[in-house]
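User: Hey, I've got a structure open and don't know where to start. Can you walk me through it?
Analyst: Sure, let's look at it together.
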2 protein chains.
Amino acid sequence: MSVTIRDVARAAGVSVATVSRVFNNSGPVHEETRARIREVAGALRYSPNSAARSLITAKSNTLGVLLPDLYGEFFSEVIRGIDQTAQQNGYHVLVSSSHETQARIEGAMRAMRGRVDGLIVMSPDIDAPTLAANLPDSLPVVLLNCAVEGTTYDAITVDNFGGAYAMVRHLLSTGRNRVAIITGSSRNYDARERLRGYRAALHDAGAERQEGWEIPGDFTETGGYQAARALAMLSPRPNALFAANDAMAIGALSALRKADLSVPGDIAVAGFDDIPMARYMNPPLTSVHVEISELGARAMGVLLAAVQEKNRHERQQVTLPTTLVVRQSCGMESKQTGM
Amino acid sequence: MSVTIRDVARAAGVSVATVSRVFNNSGPVHEETRARIREVAGALRYSPNSAARSLITAKSNTLGVLLPDLYGEFFSEVIRGIDQTAQQNGYHVLVSSSHETQARIEGAMRAMRGRVDGLIVMSPDIDAPTLAANLPDSLPVVLLNCAVEGTTYDAITVDNFGGAYAMVRHLLSTGRNRVAIITGSSRNYDARERLRGYRAALHDAGAERQEGWEIPGDFTETGGYQAARALAMLSPRPNALFAANDAMAIGALSALRKADLSVPGDIAVAGFDDIPMARYMNPPLTSVHVEISELGARAMGVLLAAVQEKNRHERQQVTLPTTLVVRQSCGMESKQTGM
DNA sequence: TTGTAGGCGTTATCAG
DNA sequence: CTGATAACGCCTACAA
């Protein structure tokens with residue numbers, strides 16, 4: 001650990017400059033001396049001090065990830081995608097989680113400043129202007145599932161609107177005419193977009209819409225459970241339910257069961273995300289499939305481009321498509337293909 | 001970003017040493033000048049260059065986390081606990097995931113060497129000797145859910161054996177006399193321990209045990225599904241099933257349903273981990289509750305102690321207790337308390 | 001209480 | 001192809 005480039009140089013009978021050259025593939029080095037240096041360095045178990053390197057190159061080879069709250073399978077997958085892509089490109093990942101409030105985001109950014117070459121920010125709960133005010137302008141930043149309308153940040157989002165729209169459209173097409181929704185927090189960008197898709201689908205199909213059919217939730221199983229319990233007592237009762245994520249849909253299934261309502265007989269149920277467990281629910285849960293780890297991978301991809309091209313990098317706002325996965329919870333007949 | 005300590009010093013009309021003292025609370029500084037420096041620094045948006053700081057102090061204020069594979073709710077929770085504890089103590093977290101093989105672990109460690117002050121290693125698939133050979137001796141390391149018998153590393157593990165033992169014991173106590181298990185990979189430490197607990201419980205209770213009742217799984221929903229499908233065809237058929245984790249238990253529930261077996265009527269089912277969704281299954285899933293984020297928090301706590309005390313730090317191997325959570329999947333009657 | 005100056009381990013710019 | 005040597009930004013004795 002305390003073996004430095006000088007030790008290697010001395011042991012190999014060369015100057016530090018030459019050692020540096022072989023470790024950076026910079027400048028020409030005689031093949032023979034290069035081999036000797038590599039050997040000596042290996043024997044000494046030398047590895048360059050990254051702090052010193054960062055100090056002079058002004059690069060840390062580290063990228064930061066700011067997360068709202070590590071919770072559930074969703075984030076686990078996102079990070080997986082982020083980390084794999086980073087690793088493949090020789091970068092490290094510094095994570096910082098649990099940033100629901102603006103103050104915390106701000107603090108986390110300050111803490112990361114100088115330690116990272118770029119940042120992925122995932123904070124669906126913070127609005128765009130607030131975010132903009134806090135984002136460092138000197139640092140490449142990619143927004144993940146954030147409200148970015150009218151901004152010029154690099155951003156990547158799931159097609160929340162399109163996915164919700166397609167799902168509700170599908171529910172209507174199966175003959176359900178009273179479609180309710182369990183929403184996420186109204187401060188949450190994803191949740192707002194999914195609600196918007198729900199409303200648009202109803203509107204475009206000329207279907208009935210009621211305020212009371214928009215039941216507030218919070219993206220947790222418990223929230224979904226409680227919302228569905230409330231929904232079960234509505235009259236007339238909706239005959240389809242679109243939960244803004246799978247966790248809530250699963251909670252809802254449980255509540256409906258308890259209320260002795262059959263799914264999909266009395267009411268069809270659908271979720272969003274298509275987490276791995278969705279297909280193993282009873283009944284198997286219809287959902288909007290999102291390639292979650294791909295989401296993280298793409299975000300990291302854009303960030304790497306921004307970091308490496310640095311100047312002259314075209315800002316891009318990517319929307320990841322979703323696909324409808326129809327299973328029995330919304331009335332698919334065959335038990336065969338439900339899996 | 002390019003504003004250095006010298007700029008602050010110049011602007012405040014003092015020397016860099018004084019500014020440094022202010023930012024490190026080291027040495028005495030006149031209250032008045034301290035205030036002025038803080039103000040100037042704030043106005044200039046100065047923040048110390050961490051690379052330079054690390055270079056001279058030989059500390060990075062960063063702790064590394066090596067994960068086998070970011071997968072499912074479990075890891076999400078572990079990281080949450082780790083990160084929160086780190087943040088509270090002013091440390092950053094560098095993560096690196098997807099290290100199933102020894103070679104990858106080794107590479108990741110090399111990559112982190114010098115960038116972190118300590119390491120949390122979670123690699124249940126690697127055996128202790130192999131691990132030991134690759135662990136840096138100069139760096140504080142805490143093992144998380146690893147096989148550590150006979151080693152002196154700091155380590156923290158879930159009481160896999162005890163949890164499994166208690167669960168099987170419980171299943172037997174409800175009158176089930178043919179208890180099967182879906183195991184995890186035999187290379188996985190957690191899985192081995194849970195299997196050991198299963199066997200011990202059967203043995204101690206004088207219950208019947210059969211090779212064929214130990215069905216291999218892989219900790220995924222799909223693995224559980226397939227294992228349960230196989231189990232359903234056994235004769236005589238087991239009347240209780242202990243899955244070594246919840247994901248497999250959920251897959252199993254689905255398969256048993258498809259095989260027209262009733263749970264808990266024909267067969268009781270139990271899992272391990274008690275992930276949030278367990279209680280919302282149909283029927284609600286009995287499981288061994290683990291305080292997962294606490295696991296991460298504790299690991300980080302031990303690591304911080306090791307890093308800060310450095311010398312003279314007593315090695316400790318902590319085992320986190322588990323609790324039995326009984327729900328309807330193993331025959332609890334009341335629908336009321338099943339939630 | 002404050003300032004001066006040396007050095008942390010590398011890289012990069014010059015000469016040779 | 002190789003070797004000195006000046007930065008990089010900061011901390012920390014040691015002086016004042």
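Analyst: One definition before we begin: Ala, Val, Leu, Ile, Met, Phe, Trp, Tyr, Cys and Pro count as nonpolar, Asp, Glu, Lys and Arg as charged, and the others, Gly among them, as polar. This is a predicted model, where local features need pLDDT of at least 70, side-chain atom pairs count only at pLDDT 80 or more, and totals for chains, interfaces and linings use all residues. Residues are numbered from 1 along each chain as its sequence is written, while chains are lettered from A and ligands numbered from 1 in the order in which they are written.

User: OK, what classes of residue make up the surface near DNA strand D?
Analyst: That surface has 15 nonpolar, 12 polar and two charged residues. "Near" here is a C-beta atom, placed from the backbone, within 6 Å of the strand.

User: Which residues come nearest to DNA strand D?
Analyst: Of the 29 around it, those are A:Ala17, A:His30, B:Thr4, B:Ile5 and B:Asn49.

User: And which helix gives the most to that surface?
Analyst: Helix 2 of chain B, with six residues. Helices (H or I, at least four residues) and strands (E, at least two) are DSSP runs, numbered from the N terminus.

User: Switching topic: how many residues does each chain put into the A–B contact?
Analyst: Chain A gives 41 residues and chain B gives 41 residues. Contact means C-beta atoms, placed from the backbone, within 7 Å. On the chain A side, helix 5 has the largest share, eight residues.

User: How do the two strands 2 pair, parallel or antiparallel?
Analyst: Antiparallel, over three bridges; pairing takes at least two bridges found by DSSP. In there, A:Val93 stands opposite B:Val95.

User: What turn lays chain A on chain B?
Analyst: A turn of 180°, with a shift of 0.0 Å along the axis and an RMSD of 0.1 Å. That's the relation of a two-fold axis. The fit is least squares on C-alpha atoms of residues with pLDDT of at least 70 in both copies.

User: Last one: at what angle do helix 2 and helix 3 of chain A cross?
Analyst: Roughly 85°, and their axes come within 10 Å. Axes are lines fitted to C-alpha atoms, for helices over the stretch in contact, and angles run from 0 to 180 degrees between N-to-C directions. So helix 2 of chain A is roughly perpendicular to helix 3 of chain A, a label for 65 to 115 degrees.

Methods
Two residues are in contact if their C-beta atoms, placed from the backbone, lie within 7 Å. Angles under 35 degrees count as roughly parallel, over 145 as roughly antiparallel, 65 to 115 as roughly perpendicular and the rest as oblique.
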